[in-house]
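Okay, thanks everyone for coming. I'd like to walk you through a structure that's probably new to most of you, so let's get it up on the screen.

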Amino acid sequence: MRLLLERGHEVTVLDNLSSGYRQNLVSFPQVRHIEGDIRDAKAVNEAVDGVEVIFHLAASVGNTRSIENPILDSEINVIGTLNVLEAARHHHAKKIVFSSSAGIFGELKTLPIREDHPVEPDSPYGASKLAAEKMCLAYSKLYDLDAICLRYFNVYGINQRYDAYGNVIPIFAHRLFKGMPITIFGDGEQTRDFVNVRDVAEANYRAGMQEGLSGAFNIASATSVTINHLAHFMCEASGIKGAIDYAAPRKGDVRDSLADISAAGKAFGYEPSVQLEEGLRAYLAWAREDKVAAS
Ligand SMILES: NC(=O)c1ccc[n+]([C@@H]2O[C@H](COP(=O)([O-])OP(=O)(O)OC[C@H]3O[C@@H](n4cnc5c(N)ncnc54)[C@H](O)[C@@H]3O)[C@@H](O)[C@H]2O)c1
């Protein structure tokens with residue numbers, strides 16, 4: 001949203017604020033905010049009327065939440081996405097950029113993961129994201145609507161809350177600043193490909209501006225770190241000697257993750273620019289100051 005405004009675009013946001021912060025919107029009075037739910041076709045139609053490019057990020061996020069409540073997960077992620085697509089069709093939007101997830105791949109079979117890696121999600125969340133992605137691509141074949149699905153790997157960055165769902169960097173930061181031990185599920189040698197939200201925003205922008213392109217693309221940093229390394233780095237960078245506990249691995253979590261991002265580079269010039277260490281230092285500085293994240 002911030003990037004679109006900086007680059008001179010008009011923005012409408014539809015968000016029910018179930019996990020989004022109201023404070024992230026109130027500082028942008030020029031944004032038209034509709035407080036509504038993507039499961040409500042009327043609200044979605046109101047938001048999409050007159051819009052050229054739709055960035056569809058609203059979702060029930062996370063494996064654990066989806067395992068606990070798979071029906072809600074699909075109502076929001078699948079039916080909600082269909083509401084957005086139907087509104088896009090009726091209002092003649094030119095493009096939808098859908099926030100998909102690396103969760104569609106399931107357990108890693110080849111490294112690094114390319115877009116043609118088998119899709120065998122390990123959770124209802126991954127399955128719902130895959131269904132939504134396929135719906136977007138089907139609409140791009142049926143109607144005059146470009147659809148680009150961006151398969152994010154592990155996104156982190158400023159403004160990310162720690163309590164919405166199990167995102168490791170905000171949770172570790174919160175626990176460090178509260179003087180609580182960091183808990184690692186499994187042996188900590190599992191790997192993740194972390195991508196900064198600034199790079200994700202740029203990927204969305206480039207995808208949104210690219211005319212005549214549909215398809216699914218990985219969005220990541222194309223580097224991976226172990227969770228042990230992440231935990232130790234965050235202790236060092238925050239200057240807090242946090243205790244580290246280990247617990248049983250969680251269901252639905254994959255062992256390894258590392259993306260091949262060359263397709264997005266070729267198709268719309270995506271190139272990550274934020275190194276993990278730099279992005280983590282910035283995130284920790286924000287999380288240390290931020291009253292909500294640290295409360
Ligand atoms: N954070 C990650 O690591 C990651 C990785 C892969 C994919 N994604 C995808 O990126 C998108 C954004 O994720 P995020 O991490 O910013 O999560 P988030 O929970 O911060 O953002 C989701 C937003 O959608 C809104 N929302 C949720 N349900 C809604 C509904 N029914 N109607 C209207 N608004 C609703 C929330 O209030 C929130 O503002 C999601 O689609 C998610 O699946 C995120």
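Right, so the secondary structure of this protein comes to 12 helices and 12 strands. Its radius of gyration is 19 Å, close to the 19 Å that the globule rule gives for 295 residues, so the protein is as compact as a globular protein of that length. And before I go further, please keep in mind that this is a predicted model.

For a sense of scale, the C-alpha trace spans about 55 × 45 × 35 Å along its principal axes. Buried residues make up 39% of the 295 residues. And if you take the contacts between residues at least 6 apart in sequence, 79% of them join residues at least 24 apart.

Let's go inside. Which residues have the most contacts within the largest nonpolar core? That core has 65 residues, and the ones to look for are Ile96, Leu150, Ala173 and Ile219. Take Ile96: leaving aside neighbours within four places in sequence, it's in contact with Ile54, His56, Val84, Leu85, Ala88, Cys136, Leu145 and Ala147.

Cys136 on that list takes us to a helix, because it's one of the buried residues of α6, the helix that runs 124–142. Others buried in α6 include Pro124, Tyr125, Leu130, Ala132 and Tyr139. What's covering them? The cover includes α4, α5, β4, β5 and β10. We can also check the length of α6: at 1.5 Å a residue, its 19 residues should span 27 Å, and the end C-alpha atoms are indeed 27 Å apart, so that agrees.

Now Ala173, another of those core residues. Ala173 is buried in α7, along with Ile169, Pro170, Phe172, Arg175 and Leu176. Following α7 there's Gly179, with a positive phi near 75°. And what touches this helix from elsewhere in the chain? One residue to find is Met234, in helix α9, residues 227–238. Met234 has 23 other C-beta atoms within 10 Å, and the cut-off for buried is 20 or more, so it counts as buried. Not counting residues up to four places away in sequence, Met234 touches Phe172, Ala173, Leu176, Leu280 and Leu284. Met234 and Phe172 are 62 residues apart in sequence, yet their C-alpha atoms are 7.8 Å apart in space.

Okay, the ligand. Of the 23 residues around it, Ser19, Gly20, Ala58, Ala59 and Tyr152 come nearest. The elements giving two or more residues to that shell are α5, β4 and β6. By type, the shell divides into 10 nonpolar, 10 polar and 3 charged residues.

Next, the loop between β12 and α10, where I'd like you to find two residues, starting with Ala259. Is Ala259 buried or exposed? It's buried, with 30 other C-beta atoms within 10 Å. Leaving out residues up to four places away in sequence, Ala259 touches Ala102, Pro112, Ile113, Phe153, Asp193, Asn218, Ala220 and Ala222. Asp256 lies in that loop between β12 and α10 as well, but Asp256 counts as partly exposed, with 16 C-beta neighbours inside 10 Å. Beyond its neighbours within four places in sequence, Asp256 is in contact with Leu108, Leu111, Gln190 and Thr191.

Two names from those contact lists come up again when we look at the backbone. A bit of background first: most residues other than glycine have a negative phi, and most peptide bonds are trans. Here, the peptide bond from Leu111 to Pro112 is cis, with omega near -10°. Pro112 is in the loop between β4 and α6. As I said, Leu111 is in contact with Asp256, while Pro112 is touched by Ala259.

Ala222 is another one Ala259 touches, and Ala222 has a positive phi, near 65°. Ala222 lies in the loop between β10 and β11, and with 17 other C-beta atoms within 10 Å, it's partly exposed. The other positive phi I'd point out is at Asn159, near 85°. Asn159 is in the loop between β6 and α7, and it's partly exposed too, with 17 C-beta neighbours inside 10 Å.

That's my tour. Happy to go back to any part of it on the screen.

Notes
Residues are numbered from 1 along each chain as its sequence is written. This is a predicted model: local features need pLDDT of at least 70, side-chain atom pairs count only at pLDDT 80 or more; totals for chains, interfaces and linings use all residues. A residue is near a molecule or strand if its C-beta atom, placed from the backbone, lies within 6 Å of it. Helices (H or I, at least four residues) and strands (E, at least two) are DSSP runs, numbered from the N terminus. Ala, Val, Leu, Ile, Met, Phe, Trp, Tyr, Cys and Pro count as nonpolar, Asp, Glu, Lys and Arg as charged, and the others, Gly among them, as polar. A residue is buried if 20 or more other C-beta atoms lie within 10 Å of its own, exposed if 12 or fewer, and partly exposed in between; C-beta atoms are placed from the backbone. The expected span of a helix is 1.5 Å times one less than its number of residues. Two residues are in contact if their C-beta atoms, placed from the backbone, lie within 7 Å. A nonpolar core is a set of buried Ala, Val, Leu, Ile, Met, Phe, Trp, Tyr and Cys residues joined through C-beta atoms within 7 Å. The radius of gyration is taken over C-alpha atoms; the globule rule is 2.2 Å times the number of residues to the power 0.38.
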